[in-house]
Amino acid sequence: MHRRTFVGATAAGIASVVAGQRLFGATAAEPIPVAFLVGDSVNVIDTAGPWEVHGFSIFTVGPSTKPLRATGGLQLVPDYDYRTAPAAKVVVVPAHRSSDATLEFLGARARTADLIMSVCTGAFVLGRAGLLDGKTATTHHEFWDDFERSFPNVKLERGPRFVEHDRVATAGGLTSGIDLALRVVERYHGREAATATATYMEYESRFIGAAARRRASNP
(Lines give C-alpha, C1' and ligand atoms only; values in the text may rest on other atoms or scores of the structure.)
Protein backbone atom coordinates (compact mmCIF):
# COMPACT_ATOMS: atom_id res chain seq x y z
CA MET A 1 0.00 0.00 0.00
CA HIS A 2 1.22 3.51 -0.81
CA ARG A 3 2.51 5.46 2.22
CA ARG A 4 -0.03 8.28 1.78
CA THR A 5 -2.92 5.85 1.28
CA PHE A 6 -1.96 3.91 4.41
CA VAL A 7 -2.08 6.86 6.78
CA GLY A 8 -5.37 8.08 5.33
CA ALA A 9 -6.92 4.63 5.69
CA THR A 10 -5.58 4.21 9.20
CA ALA A 11 -6.92 7.58 10.31
CA ALA A 12 -10.32 6.85 8.81
CA GLY A 13 -10.53 3.45 10.47
CA ILE A 14 -9.90 4.75 13.99
CA ALA A 15 -11.43 8.23 13.72
CA SER A 16 -14.29 7.53 16.08
CA VAL A 17 -11.93 6.16 18.71
CA VAL A 18 -9.33 8.90 18.77
CA ALA A 19 -11.35 12.00 17.97
CA GLY A 20 -11.02 13.28 21.51
CA GLN A 21 -7.21 13.15 21.35
CA ARG A 22 -6.84 15.48 18.38
CA LEU A 23 -5.41 18.91 18.91
CA PHE A 24 -5.82 20.11 15.31
CA GLY A 25 -9.12 20.29 13.45
CA ALA A 26 -9.06 17.73 10.62
CA THR A 27 -11.06 14.80 9.33
CA ALA A 28 -9.53 11.59 8.01
CA ALA A 29 -10.59 12.45 4.46
CA GLU A 30 -9.38 16.05 4.60
CA PRO A 31 -6.04 16.65 2.85
CA ILE A 32 -3.44 18.20 5.13
CA PRO A 33 -0.96 20.24 3.06
CA VAL A 34 2.60 20.05 4.41
CA ALA A 35 5.39 22.25 3.05
CA PHE A 36 9.03 21.16 3.38
CA LEU A 37 11.32 24.17 3.29
CA VAL A 38 14.51 23.22 1.44
CA GLY A 39 17.64 25.04 0.37
CA ASP A 40 21.29 24.43 -0.41
CA SER A 41 22.87 21.73 1.78
CA VAL A 42 19.49 20.67 3.18
CA ASN A 43 19.99 17.61 5.35
CA VAL A 44 18.64 14.44 3.74
CA ILE A 45 17.48 12.57 6.87
CA ASP A 46 16.02 15.76 8.36
CA THR A 47 13.84 15.89 5.26
CA ALA A 48 13.26 12.26 4.31
CA GLY A 49 12.45 11.04 7.84
CA PRO A 50 9.47 13.33 8.47
CA TRP A 51 8.53 13.06 4.77
CA GLU A 52 7.92 9.32 5.14
CA VAL A 53 5.86 9.83 8.31
CA HIS A 54 3.59 12.57 7.03
CA GLY A 55 1.00 10.69 5.00
CA PHE A 56 -0.44 14.00 3.98
CA SER A 57 -0.34 16.23 0.88
CA ILE A 58 3.38 17.08 0.73
CA PHE A 59 5.39 19.51 -1.38
CA THR A 60 8.77 21.21 -1.28
CA VAL A 61 9.46 24.94 -1.25
CA GLY A 62 12.83 26.48 -2.05
CA PRO A 63 14.33 29.87 -2.81
CA SER A 64 13.71 29.00 -6.48
CA THR A 65 12.62 25.96 -8.47
CA LYS A 66 16.15 25.37 -9.72
CA PRO A 67 17.87 22.12 -8.68
CA LEU A 68 19.80 22.27 -5.42
CA ARG A 69 22.19 19.92 -3.64
CA ALA A 70 21.32 18.23 -0.38
CA THR A 71 23.83 16.59 1.94
CA GLY A 72 25.74 13.74 0.34
CA GLY A 73 25.24 15.27 -3.10
CA LEU A 74 21.57 14.34 -3.53
CA GLN A 75 19.92 16.64 -6.06
CA LEU A 76 16.48 18.07 -5.29
CA VAL A 77 14.17 20.20 -7.40
CA PRO A 78 11.73 22.25 -5.28
CA ASP A 79 8.09 22.12 -6.34
CA TYR A 80 7.56 25.82 -5.59
CA ASP A 81 9.51 28.93 -4.70
CA TYR A 82 8.67 31.28 -1.85
CA ARG A 83 6.43 33.38 -4.09
CA THR A 84 4.35 30.58 -5.64
CA ALA A 85 4.03 28.12 -2.74
CA PRO A 86 0.44 27.25 -1.81
CA ALA A 87 -0.89 27.45 1.73
CA ALA A 88 0.20 24.75 4.17
CA LYS A 89 -1.10 23.63 7.54
CA VAL A 90 2.33 22.31 8.55
CA VAL A 91 5.72 23.72 7.55
CA VAL A 92 8.77 21.51 8.12
CA VAL A 93 12.15 23.25 8.38
CA PRO A 94 15.11 20.87 8.13
CA ALA A 95 18.71 22.02 8.51
CA HIS A 96 19.67 24.04 5.44
CA ARG A 97 21.22 27.32 4.35
CA SER A 98 18.62 30.01 4.80
CA SER A 99 18.40 33.66 3.78
CA ASP A 100 16.44 36.78 4.66
CA ALA A 101 13.86 35.67 2.09
CA THR A 102 13.53 32.37 3.95
CA LEU A 103 12.84 34.17 7.22
CA GLU A 104 10.29 36.44 5.57
CA PHE A 105 8.50 33.42 4.10
CA LEU A 106 8.45 31.66 7.47
CA GLY A 107 7.17 34.72 9.28
CA ALA A 108 4.27 35.01 6.87
CA ARG A 109 3.40 31.30 7.02
CA ALA A 110 3.58 31.24 10.81
CA ARG A 111 0.53 33.53 10.90
CA THR A 112 -1.67 30.99 9.08
CA ALA A 113 -0.19 27.49 9.55
CA ASP A 114 -1.28 25.09 12.28
CA LEU A 115 2.34 24.28 13.06
CA ILE A 116 5.88 25.26 12.10
CA MET A 117 8.31 22.46 13.01
CA SER A 118 12.10 22.33 12.72
CA VAL A 119 14.49 19.40 12.65
CA CYS A 120 18.09 19.52 13.88
CA THR A 121 19.70 22.93 13.25
CA GLY A 122 16.56 24.02 11.44
CA ALA A 123 15.85 25.44 14.91
CA PHE A 124 18.36 28.19 14.10
CA VAL A 125 16.18 29.19 11.15
CA LEU A 126 13.13 29.41 13.41
CA GLY A 127 15.18 31.35 15.94
CA ARG A 128 16.35 33.88 13.35
CA ALA A 129 12.75 34.26 12.20
CA GLY A 130 11.76 35.21 15.77
CA LEU A 131 9.38 32.25 16.11
CA LEU A 132 10.98 30.90 19.29
CA ASP A 133 11.31 34.07 21.37
CA GLY A 134 10.04 33.50 24.90
CA LYS A 135 9.65 29.76 24.30
CA THR A 136 11.54 26.55 24.95
CA ALA A 137 13.27 24.71 22.12
CA THR A 138 15.84 22.06 21.30
CA THR A 139 18.31 21.31 18.52
CA HIS A 140 21.18 18.94 17.67
CA HIS A 141 23.36 18.25 20.70
CA GLU A 142 26.55 19.49 19.04
CA PHE A 143 24.97 22.93 18.64
CA TRP A 144 23.42 23.44 22.08
CA ASP A 145 26.00 25.98 23.25
CA ASP A 146 25.93 27.89 19.98
CA PHE A 147 22.13 27.99 20.07
CA GLU A 148 22.07 29.39 23.60
CA ARG A 149 24.55 32.11 22.67
CA SER A 150 22.67 32.97 19.49
CA PHE A 151 19.19 33.13 21.04
CA PRO A 152 19.25 34.37 24.64
CA ASN A 153 15.47 34.87 24.57
CA VAL A 154 14.88 31.16 23.98
CA LYS A 155 15.19 28.55 26.76
CA LEU A 156 17.15 25.60 25.39
CA GLU A 157 16.02 22.13 26.46
CA ARG A 158 18.96 19.70 26.37
CA GLY A 159 18.01 16.08 25.89
CA PRO A 160 14.39 15.61 24.77
CA ARG A 161 13.71 14.22 21.31
CA PHE A 162 11.54 17.26 20.67
CA VAL A 163 9.93 20.22 22.38
CA GLU A 164 6.51 21.42 21.28
CA HIS A 165 4.18 24.35 21.70
CA ASP A 166 0.75 24.83 20.20
CA ARG A 167 1.99 26.25 16.90
CA VAL A 168 5.75 25.74 16.87
CA ALA A 169 7.92 22.71 17.65
CA THR A 170 11.59 21.81 17.44
CA ALA A 171 13.20 18.38 17.13
CA GLY A 172 16.75 17.49 18.13
CA GLY A 173 19.18 16.00 15.67
CA LEU A 174 18.41 14.02 12.55
CA THR A 175 16.20 11.00 13.36
CA SER A 176 14.39 12.83 16.16
CA GLY A 177 12.50 14.57 13.36
CA ILE A 178 10.73 11.27 12.76
CA ASP A 179 9.47 11.29 16.35
CA LEU A 180 8.20 14.84 16.04
CA ALA A 181 6.50 13.98 12.75
CA LEU A 182 4.78 11.06 14.47
CA ARG A 183 3.60 13.50 17.13
CA VAL A 184 2.11 15.66 14.37
CA VAL A 185 0.23 12.61 13.05
CA GLU A 186 -1.05 12.10 16.58
CA ARG A 187 -2.14 15.71 16.84
CA TYR A 188 -4.27 15.34 13.72
CA HIS A 189 -5.41 11.71 13.91
CA GLY A 190 -4.68 10.38 17.39
CA ARG A 191 -2.14 8.10 19.07
CA GLU A 192 -3.34 4.92 17.37
CA ALA A 193 -2.69 6.41 13.93
CA ALA A 194 0.80 7.48 15.00
CA THR A 195 1.53 4.01 16.41
CA ALA A 196 0.26 2.32 13.25
CA THR A 197 2.42 4.62 11.14
CA ALA A 198 5.56 3.76 13.13
CA THR A 199 4.73 0.06 12.88
CA TYR A 200 4.22 0.28 9.12
CA MET A 201 7.60 1.99 8.78
CA GLU A 202 9.22 -0.63 11.07
CA TYR A 203 10.49 2.29 13.10
CA GLU A 204 11.21 1.58 16.76
CA SER A 205 10.10 4.98 17.90
CA ARG A 206 11.27 6.30 21.25
CA PHE A 207 8.27 8.61 21.06
CA ILE A 208 5.81 5.72 20.80
CA GLY A 209 7.63 3.23 23.02
CA ALA A 210 8.77 5.46 25.87
CA ALA A 211 6.62 8.59 25.53
CA ALA A 212 9.84 10.57 25.05
CA ARG A 213 8.22 13.89 24.45
CA ARG A 214 8.03 17.04 26.50
CA ARG A 215 4.97 19.21 26.30
CA ALA A 216 5.98 22.82 26.78
CA SER A 217 4.24 24.52 29.65
CA ASN A 218 3.87 27.87 27.92
CA PRO A 219 1.73 28.32 24.77
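How many bridges join strand β6 to β7, and in which sense do the two strands run? In this predicted model, β6 (residues 90–93) and β7 are joined by 4 bridges and run parallel. One place to look is Val93, which stands opposite Ser118 of β7. Between the two strands the chain passes through helix α3 (residues 100–110), and the resulting β-α-β crossover is right-handed.

Strand β7 (residues 115–118) has another partner to visit. Strand β11 (residues 168–171) pairs with β7 over 3 bridges, again in the parallel sense, and here Ile116 stands opposite Val168 of β11. Both faces of β7 are covered: Leu115 and Met117 are buried on one side, and Ile116 and Ser118 are buried on the other.

From β11 it is helpful to turn to Leu132, found in the loop between α4 (122–128) and β8 (136–137). Leu132 has a relative accessible area of 1%, so this loop residue counts as buried. Setting aside neighbours within four places in sequence, Leu132 is in contact with Ala123, Leu126, Gly127, Ala137, Phe147, Asn153, Val154, Val168 and Thr170. Val168, listed among these contacts, is also the residue that Ile116 of β7 faces. The C-alpha atoms of Leu132 and Ala169 lie 8.9 Å apart in space, although the two residues are 37 residues apart in sequence.

A last stop is the largest pocket, which holds about 150 Å³ of space. Its lining comprises 13 residues, of which Gly159, Pro160, Arg161, Gly172 and Gly173 are the closest to the pocket centre. By type, the lining divides into 9 polar, 2 nonpolar and 2 charged residues.

Notes: Residues numbered from 1 in each chain as written. Predicted model: local features only at pLDDT ≥ 70, side-chain atom pairs only at ≥ 80, totals over all residues. Heavy atoms only, no water. 1 Å grid on protein atoms, 1.4 Å probe; cavity = no way out; pocket = protein on both sides within 12 Å on 5 of 7 lines; lining within 4 Å. Points joined across faces, edges and corners; volume = space filled by probe spheres on them. Nonpolar A, V, L, I, M, F, W, Y, C, P; charged D, E, K, R; others polar. Buried < 20%, exposed > 50% of the residue type's maximum accessible area, 1.4 Å probe, protein only. Pairing = 2+ DSSP bridges. Right-handed = clockwise from strand over helix to strand, strands pointing away. Contact = heavy atoms within 4.5 Å.
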